[in-house]
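Colleague: Please show me the model, and then let us go through its fold and packing in questions and answers.

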Amino acid sequence: MAKTIHTILVALLLVMLGTSTASAARGQPHNEVPVKGTVTGEHEVDRPPGPDGWIFTSSGTGQMSHLGRVDYSLEQASSFGPDGVISSTGTITFTAANGDELVVAQEATSQIVGPGEGFTLEGTWTVVSGSGRFTHAMGSGSLDGVGDIPGGEALFGLPDGFAEFNLRGEIAYDASNRTNPLR
């Protein structure tokens, strides 16, 4: 009888330790996994270029690993450097169909293509916040893109005034976290 009680107590203790370890790990990022995505949407200049630069926005849809189909919104401040290269910093918010969000900060350089009809972009991104399973996400990677400036000749196979952005990198997140208040 004492051996049976001892066996039950040991089993109960092991279950409790396993549960507390799993609970402590919940909400913390897991191992990094590759992430990639492509989004396409309309873009516009919210403030015309001036001595301090301009604000560029873009929004649309796309596909991203670990998020599935996403809506995105980008806002960045851009300015011409002395060498004619455009420097930009801003954020991109990716929203999954279930409402989970992944927000990245991005830094990029761009060049105008043709006589002011399009642009190419290259840069980096870093996760700055998220919600749901991306609440404690971490990660970084590269960013590239192309865009057609509205009102000109369509470039890159995009409709007039559209941009396409590609992201690659690695993220770590807790896929079991279901704390998104939108659900």
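What follows is an exchange about this predicted model.

Colleague: How many helices and strands does the chain have, and in what order do the elements run?

Modeller: The secondary structure comes to 1 helix and 8 strands. Read from the N terminus, the order of the elements is α-β-β-β-β-β-β-β-β.

Colleague: In what order do the strands close into a barrel?

Modeller: The pairing of the 8 strands is antiparallel. Neighbouring strands of this sheet are turned by 25° against each other on average, with direction ignored. The closing order is S1-S2-S3-S4-S5-S6-S7-S8.

Colleague: How many bridges join S1 to S8?

Modeller: Strand S1 covers residues 33-45 and strand S8 residues 162-172, and the two run antiparallel. One facing pair is Thr40 with Glu164 in S8. The number of bridges joining S1 to S8 is 10.

Colleague: On the other side of S1, which residue in S2 is the bridge partner of Gly41?

Modeller: S1 and S2 pair in the antiparallel sense, over 9 bridges. The partner of Gly41 in S2 is Gly60.

Colleague: Which residue in S3 stands opposite Ser59?

Modeller: S2 and S3 run antiparallel and are joined by 11 bridges. Opposite Ser59, in S3, stands Ser73.

Colleague: What phi does His66 take, and where is His66 found?

Modeller: The hairpin of S2 and S3 has 3 residues between the strands. His66 is not a glycine, yet its phi is positive, at about 75°. With a relative accessible area of 30%, His66 is partly exposed. The place of His66 is the loop between S2 and S3.

Colleague: Is Thr57 buried or exposed?

Modeller: Thr57 is found in strand S2. Leaving out residues up to four places away in sequence, Thr57 touches Glu42, His43, Glu44, Asp46, Leu74 and Glu75. The relative accessibility of Thr57 is 15%, and buried means under 20%. Thr57 therefore counts as buried.

Colleague: How many residues does the largest nonpolar core have, and which have the most contacts inside it?

Modeller: S1, S2, S3, S4, S5, S6 and S8 each supply at least two residues of the largest nonpolar core. This core has 28 residues, and those with the most contacts inside it are Leu67, Phe94, Leu102, Trp125 and Phe165.

Colleague: Which residues does Leu102 touch?

Modeller: Leu102 is among the residues with the most contacts inside the largest nonpolar core. Not counting residues up to four places away in sequence, Leu102 touches Met64, Leu67, Ile92, Thr93, Phe94, Val127, Ser129, Gly130, Phe134 and Ala137.

Colleague: Why is the pair of Phe56 and Phe119 edge-to-face?

Modeller: A search of the whole structure finds 4 aromatic pairs. In the pair of Phe56 and Phe119, the ring centres are 5.7 Å apart and the planes stand at 90°. Planes over 60 degrees apart count as edge-to-face. The angle of 90° is over that cut-off, so the pair is edge-to-face.

Colleague: Which strands hold Phe56 and Phe119?

Modeller: Both Phe56 and Phe119 are buried. The pair links distant parts of the chain, 63 residues apart: Phe56 is in strand S2 and Phe119 in strand S6.

Colleague: What are the distance and angle for the pair of Phe134 and Tyr173, and which parts of the chain does the pair tie together?

Modeller: The rings of Phe134 and Tyr173 lie 4.8 Å centre to centre with 40° between the planes, a tilted pair. Phe134 is buried at 0% relative accessibility, and Tyr173 is buried with a relative accessible area of 12%. The two residues are 39 apart in sequence, so the pair ties together the loop between S6 and strand S7 and the segment after S8.

Colleague: Which residue in S7 is the bridge partner of Phe119, and which in S8 is that of Gly139?

Modeller: S6 and S7 run antiparallel and are joined by 9 bridges. S7 and S8 also pair in the antiparallel sense, over 10 bridges. The partner of Phe119 in S7 is Gly147, and that of Gly139 in S8 is Ile171.

Colleague: What share of the accessible surface belongs to carbon and sulfur atoms?

Modeller: Buried residues make up 37% of the 183 residues in the chain. The accessible surface comes to about 10,100 Å², and the share of carbon and sulfur atoms is 58%.

Key. Residues numbered from 1 in each chain as written. Predicted model: local features only at pLDDT ≥ 70, side-chain atom pairs only at ≥ 80, totals over all residues. Heavy atoms only, no water. Pairing = 2+ DSSP bridges. Helix = DSSP H or I, 4+ residues; strand = E, 2+ residues; numbered from the N terminus. Axes fitted to C-alpha atoms, helices over the stretch in contact; angles between N-to-C directions. Core = buried A, V, L, I, M, F, W, Y, C linked by side-chain atoms within 4.5 Å. Buried < 20%, exposed > 50% of the residue type's maximum accessible area, 1.4 Å probe, protein only. Contact = heavy atoms within 4.5 Å. Phe/Tyr/Trp six-rings, centres within 6.5 Å; stacked < 30°, edge-to-face > 60°. Areas by Shrake-Rupley, 256 points an atom, 1.4 Å probe, with all protein chains shown as cover.
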